[in-house]
Amino acid sequence: FDCLCRRCRGGRPLDRRLEGLAEEAEGSGLPTGSSGSHRGSIAQASREFRALFDPSSEDYNPPTNDFEATVQRLNEFREKNSFLDQAHCIMQRVRRELIAAYLVDGPSGEIG
């Protein structure tokens, strides 16, 4: 049996969503033209993401000790980088952190 789906032929259609841009972002505020400009936008989002979550990043500055500031910073990240596909790994992590802030801590919890 030989599978003829795009993934098995090397297309990776679902994996591309985990790494790429939202379809509607192609005509939005992103620089148009070469795919290099899109890669630059994704790289910038990745740097900002690492500043939020990666302790090995030079710019590491996680939101702490203030529930409202934490939620605001995560929401600003989502809005600024809305060109990323909703399935993008970075966007999934930011949504998980927002949900965790509300469920675990909430306004009256450890962060708040």
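Let's start on the outside of this predicted model: Ile 99, Tyr 102, Leu 103 and Val 104 make a nonpolar surface patch of about 470 Å². Leu 103 sits in helix H4 and is exposed, at 69% relative accessible area. Tyr 102 has a relative accessibility of 47%, so it counts as partly exposed.

Now for the inside. The largest nonpolar core has 16 residues, and those touching the most other members are Phe 49, Phe 53, Leu 74, Phe 77, Leu 84 and Val 94. At least two residues of this core come from each of helix H2 (35–53), helix H3 (67–80) and helix H4 (89–105). Take Val 94: setting aside neighbours within four places in sequence, its contacts are Phe 49, Phe 53, Leu 74, Phe 77 and Arg 78.

Then there are the rings. The structure has two aromatic pairs, set out here:

| Pair | Geometry | Centre to centre | Angle between planes |
|---|---|---|---|
| Phe 49 and Phe 53 | tilted | 4.9 Å | 50° |
| Phe 67 and Tyr 102 | edge-to-face | 5.3 Å | 80° |

Phe 49 and Phe 53 are both in helix H2, four residues apart, or about one turn of the helix. Phe 49 counts as buried at 16% relative accessibility, and Phe 53 counts as buried at 14%.

What about the other pair? Phe 67 belongs to helix H3 and Tyr 102 to helix H4, so this pair ties together parts that lie 35 residues apart in sequence. Phe 67 is buried, with just 7% relative accessible area, while Tyr 102 is partly exposed and also helps make the nonpolar surface patch we began with.

Terms used: Residues numbered from 1 in each chain as written. Predicted model: local features only at pLDDT ≥ 70, side-chain atom pairs only at ≥ 80, totals over all residues. Heavy atoms only, no water. Core = buried A, V, L, I, M, F, W, Y, C linked by side-chain atoms within 4.5 Å. Buried < 20%, exposed > 50% of the residue type's maximum accessible area, 1.4 Å probe, protein only. Contact = heavy atoms within 4.5 Å. Patch = residues over 30% accessible without salt bridge, like charges linked within 9 Å, V, L, I, M, F, W, Y side chains within 5 Å. Areas by Shrake-Rupley, 256 points an atom, 1.4 Å probe, with all protein chains shown as cover. Salt bridge = Lys/Arg side-chain N within 4 Å of Asp/Glu carboxyl O. Phe/Tyr/Trp six-rings, centres within 6.5 Å; stacked < 30°, edge-to-face > 60°.
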